[in-house]
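Reader: I have a structure I would like to go through with you. Could we begin with the overall architecture and then move to single residues?
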Amino acid sequence: KNIPYLKVKYVVYHFNNEQERKNAVEYDHFIINSSADYKNKTINLYLSMINNQPGPDFKSDIQHEVNHIFQYDNGQQKDEDFYSRIIDLSKTGNKLDKIIARAMYYTFSTEQDSFVSQYYS
């Protein structure tokens with residue numbers, strides 16, 4: 001109701017098979033992290049195609065970010081500074097730091113709601 005437009009930026013990575021995608025994520029530190037930026041009315045999507053077919057999270061990742069825009073448009077908020085620190089730690093920390101950051105990320109009600117929406121869709 002408060003968004004006159006929504007910019008969608010997307011990057012689609014093409015892999016030959018699922019193992020190639022897993023190797024890119026696990027061994028090459030390839031990060032596919034979509035995001036929603038309500039302030040700038042932007043959704044950033046990082047999606048994967050496997051053998052010219054949508055990857056397993058293709059549609060649900062889109063749903064997750066659309067749900068965030070819906071949440072923010074309806075007044076739901078989170079501690080942005082704390083959230084940013086957690087995201088940074090999940091990308092740059094050592095293995096244990098990343099595990100802890102990911103667990104803390106899942107405590108945000110905005111994330112819990114969006115994951116429910118994501119998996120329901």
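Reader: What pattern does the protein follow, read along the sequence?
Author: This is a predicted model. Along the sequence its pattern is β-α-β-β-β-α-α-α-α.

Reader: And how many helices and strands are there in the protein?
Author: The protein has five helices and four strands.

Reader: What about the radius of gyration, and what would a compact globule have?
Author: The radius of gyration is 15 Å. A compact globule with 121 residues would have a value near 14 Å, so the protein agrees with that expectation. Along the principal axes, the C-alpha trace spans about 40 × 35 × 25 Å.

Reader: What share of the residues is buried?
Author: Buried residues account for 33% of the 121 residues. The accessible surface comes to about 8200 Å², and carbon and sulfur atoms hold 52% of that surface.

Reader: What fraction of the contacts with a separation of 6 or more comes from residues 24 or more positions apart?
Author: Such pairs account for 64% of those contacts.

Reader: How far apart are the mean positions of the positive and negative charges?
Author: They are 3 Å apart, counting 14 positive and 16 negative charges.

Reader: Let us turn to helix α2. How many residues does it have, and how far does it reach?
Author: Helix α2 covers residues 58-73, which is 16 residues. From its first C-alpha to its last it reaches 23 Å, close to the 22 Å expected at 1.5 Å a residue.

Reader: Which residues of α2 are buried?
Author: They are Phe58, Ser60, Asp61, His64, Glu65, Asn67, His68, Ile69, Gln71, Tyr72 and Asp73.

Reader: Several of those lie three or four places apart. Why would such residues point the same way in an α-helix?
Author: An α-helix has 3.6 residues a turn, so residues at that spacing point the same way.

Reader: What covers the buried residues of α2?
Author: The cover includes the strands β2 (35-37), β3 (42-50) and β4 (53-54), together with the helices α4 (95-105) and α5 (109-120).

Reader: And which residue just after α2 takes a positive phi?
Author: That is Gly75, with a phi of about 95°.

Reader: Which residues have a positive phi without being a glycine?
Author: Lys41 is one of them, with a phi of about 55°. Asn51 is another, and its phi is also about 55°.

Reader: Where are they found?
Author: Lys41 is in the loop between β2 and β3, whereas Asn51 lies in the loop between β3 and β4.

Reader: Is Lys41 buried or exposed? And Asn51, buried or exposed?
Author: Lys41 has 15% relative accessibility; the limit for buried is under 20%, so Lys41 counts as buried. Asn51 has 56% relative accessibility and therefore counts as exposed, since exposed begins over 50%.

Reader: Back to α5. Which residues does Ser117 touch, leaving out those up to four places away in sequence?
Author: Ser117, which is in helix α5, touches Gln63 and Asn67. Its C-alpha is 6.5 Å from that of His64, although the two are 53 residues apart in sequence. With a relative accessible area of 16%, Ser117 is buried.

Reader: How does Ser109 compare in terms of its own contacts?
Author: Ser109 is also placed in helix α5. Leaving aside neighbours within four places in sequence, Ser109 is in contact with Gln71 and Gln76. Its relative accessibility is 38%, so Ser109 counts as partly exposed. The C-alpha atoms of Ser109 and Asn2 are separated by 22 Å, with their positions 107 residues apart along the chain.

Reader: Where is Ser90 placed, and what is it in contact with?
Author: Ser90 is in helix α3 (residues 80-92). Beyond neighbours within four places in sequence, Ser90 is in contact with Lys98 and Ala101. Ser90 is partly exposed, at a relative accessible area of 21%. Ser90 and Tyr105 are 8.9 Å apart, C-alpha to C-alpha, and 15 residues apart in sequence.

Reader: One last residue: what is Glu20 in contact with?
Author: Glu20, in helix α1 (residues 18-26), is in contact with His14 and Phe15 once neighbours within four places in sequence are left aside. Glu20 is partly exposed, with a relative accessible area of 31%.

Technical notes:
Residues are numbered from 1 along each chain as its sequence is written. This is a predicted model: local features need pLDDT of at least 70, side-chain atom pairs count only at pLDDT 80 or more; totals for chains, interfaces and linings use all residues. Side-chain values use heavy atoms; hydrogens and water are left out. Helices (H or I, at least four residues) and strands (E, at least two) are DSSP runs, numbered from the N terminus. The expected span of a helix is 1.5 Å times one less than its number of residues. Buried means under 20% relative accessible area, exposed over 50%, partly exposed in between (1.4 Å probe, protein chains only). Contact means heavy atoms within 4.5 Å. The radius of gyration is taken over C-alpha atoms; the globule rule is 2.2 Å times the number of residues to the power 0.38. Accessible areas come from the Shrake-Rupley method with a 1.4 Å probe; for residues, only the protein chains shown count as cover. Lys and Arg count as positive and Asp and Glu as negative; His and the chain ends are not counted. The place of a charge is taken as NZ of Lys, CZ of Arg, CG of Asp or CD of Glu.
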